[in-house]
Amino acid sequence: MNWDKIQGKWKQAKGQAQQKWGKLTDDDLDVVDGKREELVGKVQERYGIARDEAEKQVKEFESSCNC
């Protein structure tokens with residue numbers, strides 16, 4: 001799945017993102033609003049991980065998203 005499709009269906013993808021990253025709040029996901037870079041930043045911030053690790057996790061999410 002490419003990110004454009006995820007962004008277009010963000011309301012559905014948001015629930016899957018919440019399941020994958022439980023530390024992300026609804027407000028965090030509303031701010032992200034389907035923007036990939038914003039999601040990477042929020043994952044990095046909430047989990048205290050390096051940017052490349054956050055990128056890796058978002059890439060995995062992108063491939064496995066059923067939205």
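Student: Why is Lys 20 called partly exposed?

Tutor: Its relative accessible area is 37%. Buried means under 20%, exposed means over 50%, and partly exposed is in between (1.4 Å probe, protein chains only). The value of 37% falls in between, so Lys 20 is partly exposed.

Student: What kind of model is this?

Tutor: It is a predicted model: local features need pLDDT of at least 70, side-chain atom pairs count only at pLDDT 80 or more, and totals for chains, interfaces and linings use all residues. Residues are numbered from 1 along each chain as its sequence is written, and side-chain values use heavy atoms, with hydrogens and water left out.

Student: What makes Lys 20 and Glu 60 a salt bridge?

Tutor: Check the distance. A salt bridge needs a side-chain nitrogen of Lys or Arg within 4 Å of a carboxyl oxygen of Asp or Glu. Here N to O is 4.0 Å, so the pair counts. Lys 20 sits in helix H2 and Glu 60 in helix H5, 40 residues apart (helices are DSSP runs of H or I, at least four residues, numbered from the N terminus).

Student: How do you know whether Glu 60 is buried or exposed?

Tutor: Neither word fits. Its relative accessible area is 38%, so Glu 60 is partly exposed.

Student: And why does Gln 57 count as buried?

Tutor: Gln 57 lies in helix H5. Its relative accessibility is 18%, under the cut-off, so it is buried. Leaving out residues up to four places away in sequence, Gln 57 touches Lys 20, Trp 21, Val 43 and Ile 49 (contact means heavy atoms within 4.5 Å).

Student: How do you know that the buried residues of H4 are on the same side?

Tutor: Those residues are Leu 39, Val 40, Lys 42 and Val 43. They cover an arc of only 165° around the axis, which puts them on the same side of H4 (the arc is that of the directions from the helix axis to the C-beta atoms). Their cover includes helices H1, H2, H3 and H5.

Student: What ties H4 to H5?

Tutor: Glu 37 lies in H4 and Arg 51 in H5, 14 residues apart in sequence, so their pair ties these parts together. The closest N and O atoms are 2.4 Å apart, so this is a salt bridge.

Student: Why is Arg 51 called partly exposed?

Tutor: Its relative accessibility is 36%. That lies between the two cut-offs, so the label fits.

Definitions and conventions
Helices (H or I, at least four residues) and strands (E, at least two) are DSSP runs, numbered from the N terminus.
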